[in-house]
Amino acid sequence: MYKIIQTLLSPYAKLITGQFLRKTQQANRVQEEFLLSLVRRHQNTEFGRQYQFSQIRSVEDFLKRVPVLSYADHQPYTEKVARGKSNVLTSDRVLCMNMTSGSTGKKKLIPVTAQAKRMRGKAHRTGMCFGLEALRTTGRSLGQLLVTSSIELFGETEGGIPYGPISVNHLRNADFLERTLLASPYEALKIGDGLARHYVCLLFALNNPHTRVIGANFPVLALQLAQYLEEYAEFLIEDLNRGSIAPWLNLEPDLRSNLERQLSPAPQRARQLRRTLDRFGRLTPILAWPNLSVVSTALGGTSDFYLQRFPEYFGDIPVFGGIYSSSEAIFGIYHHLNDSGSILAIESGFFEFVPSHQWHLEQPKTLLAEEVQIGEHYRILVTNYNGLYRYDIGDIVEVVGFCHPTPIITFRHRRGGLLSSTSEKTTEFHAVQVMAKLQQEFNISLENFCITLADNETPPPYLVNIELSPGQTLKNPQAFLEQFDRHLQDIHTSYAFKRRSQVPPPRLRVLASGSFDLVRQRLLGNGIPEHHLKFPHISEDRQFLAGVSVEQEVCLSLNCR
């Protein structure tokens with residue numbers, strides 16, 4: 001069955017990508033049709049009656065009647081939905097609710113209707129088809145996909161509506177085609193324990209000759225999967241040889257029995273992996289699957305920092321974004337390998353762009369898709385079938401090109417994800433750029449980093465908190481800090497200006513090994529889903545790194561306070 005599907009996918013991919021690209025030739029028309037159809041569909045909802053959707057005949061009417069709205073503005077409506085009230089934001093029945101991760105703010109619940117699911121499914125298929133076309137043109141073969149995301153729901157709302165992370169809701173509704181393309185049994189994703197789920201998915205994927213794709217929500221999770229493979233290589237090889245699942249794993253008995261029935265001994269594959277492990281002293285994804293075609297994961301924003309570490313584990317395997325999305329919306333469709341630019345998802349939502357000179361206004365003037373300019377940064381707004389209207393998610397995107405008149409956008413950072421000692425507004429994009437240069441310049445690898453502000457000092461200096469990767473040594477931390485300061489001034493005009501007299505010199509703090517893992521465990525303990533965990537690289541939360549050990553602190557001035 002898998003081979004039959006693989007044969008049919010190539011012409012299907014050409015058809016789907018061709019249809020999407022034709023629509024990009026008329027971005028504003030497609031956007032207007034999407035908006036007016038949505039408004040007509042929801043005109044008799046509580047929200048639609050409040051904002052007189054029945055009187056809206058054009059994009060201009062919509063923009064005049066509906067203000068720019070935050071999640072706080074939507075929340076009174078989503079709370080009614082959660083209590084089970086119908087016809088509030090959407091005329092369609094709410095099937096479930098996506099819960100945002102909460103790692104960059106408070107958790108939110110987003111309604112999901114059948115129409116919203118169809119829109120997301122169509123975007124996923126379009127992204128997948130662009131990926132297939134990109135693989136075909138580079139001579140790489142399609143194969144089955146290794147994913148380790150949980151499909152466990154978090155619970156039900158007061159009104160009995162199931163809720164969970166977007167990845168859970170998407171995988172629970174995976175169709176026959178999507179399940180056929182998995183490298184491990186779908187049932188493996190039902191395992192509650194994180195280590196056991198990763199282990200079992202790896203075990204089946206190692207025994208699957210068609211494994212060609214690794215999928216992870218974020219690059220840091222792809223690295224975590226690679227580390228699981230390396231750490232448990234001996235056990236995995238032994239289980240492959242015997243056709244069993246390690247008894248020490250925390251695995252539900254019924255699931256264990258079901259999965260072991262689907263696992264056959266593979267002594268030949270076990271011997272092959274044993275030889276690889278003996279030769280290289282470790283087992284990484286590229287060593288385990290030499291024919292790996294692509295890693296599918298999020299691009300843009302903080303991803304760039306983690307992608308620098310991919311060659312160690314994945315060699316020169318290309319990376320593909322699929323879709324640029326969140327729990328609330330789909331924003332872009334990726335169309336090339338190793339490219340963080342995505343084509344605006346004009347069939348999935350109605351989009352507006354807030355120019356940077358309008359960001360301080362509560363009700364800014366917005367631009368439409370064909371009005372933006374290359375090189376400019378915008379805050380993106382979305383209206384879609386999840387019941388979100390002119391919703392300001394806070395994402396800052398850069399327009400990096402056009403596909404016909406449709407913009408190609410790259411996610412840069414989240415609004416509010418700013419760091420200021422005074423008023424310089426350093427972004428994660430600035431921080432990641434600087435750290436990329438420093439790792440190359442000093443030939444080191446960082447496990448992670450986060451720039452925070454010092455306590456009890458006004459104005460506070462930047463604290464450059466870094467954790468070195470295992471086996472790494474920073475020989476000249478003073479020079480590292482000096483170059484941090486210099487590079488940040490080079491790319492950040494406001495920081496450079498204010499460093500002359502307002503912003504104090506930064507400090508470097510080298511953290512003990514395992515520090516960011518402690519932070520990770522704390523975030524997980526606060527209820528953030530494992531597969532939605534995002535580490536900020538800048539934080540004004542003075543307690544974000546509370547409890548970690550500082551092995552060395554370095555100042556630009558002679559004495560640290």
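The legends below describe close-up views of a predicted model.

**View 1. The largest nonpolar core and the residues at its centre of contacts.** In this predicted model, the largest nonpolar core holds 133 residues, and among these W289, F314 and I466 touch the most other members. Helix α9, which covers residues 194–206, gives the most to this core, with nine residues. Apart from this core lies another one, of 27 residues, which includes Y77, V88, A116 and F350.

**View 2. The surroundings of W289.** When its neighbours within four places in sequence are left aside, W289 is in contact with L146, L202, A205, L206, T211, I214, L229 and R269. Of these partners, L202, A205 and L206 are listed among the buried residues of α9, so that this view leads on to the helix shown next.

**View 3. Helix α9 and the cap at its N-terminal end.** With 13 residues, α9 reaches 18 Å from its first C-alpha to its last, which is close to the 18 Å expected at 1.5 Å a residue. The helix is mostly covered, as 12 of its 13 residues are buried; among them are G194, R197, H198, Y199 and F204. At the N-terminal end of α9, D193 acts as a cap, with a side-chain oxygen that lies 3.3 Å from the backbone nitrogen of L195.

**View 4. R309 in a loop between two helices.** R309 is found in the loop that runs between α15 (303–307) and α16 (310–314), and this arginine is buried, with a relative accessible area of 7%. A polar atom of the R309 side chain lies 3.1 Å from the backbone oxygen of E447. Not counting residues up to four places away in sequence, R309 touches L223, Q227, S445, L446, E447 and S469.

**View 5. Two buried cysteines, C403 and C450, without a disulfide partner.** A disulfide would require two cysteine sulfur atoms within 2.5 Å, and by this rule the count comes to zero disulfides. For C403, the closest cysteine sulfur is that of C129, at 15 Å, and this is too far for a bond. For C450, the closest cysteine sulfur belongs to C555, at 18 Å, which is likewise too far for a bond. C403 is buried, with a relative accessible area of 12%, and C450 is also buried, with a relative accessible area of 0%.

Definitions and conventions
Residues numbered from 1 in each chain as written. Predicted model: local features only at pLDDT ≥ 70, side-chain atom pairs only at ≥ 80, totals over all residues. Heavy atoms only, no water. Buried < 20%, exposed > 50% of the residue type's maximum accessible area, 1.4 Å probe, protein only. Core = buried A, V, L, I, M, F, W, Y, C linked by side-chain atoms within 4.5 Å. Helix = DSSP H or I, 4+ residues; strand = E, 2+ residues; numbered from the N terminus. Contact = heavy atoms within 4.5 Å. Expected span 1.5 Å × (residues − 1). Polar contact = N/O pair within 3.5 Å; in protein donor to acceptor, adjacent residues only side chain to side chain.
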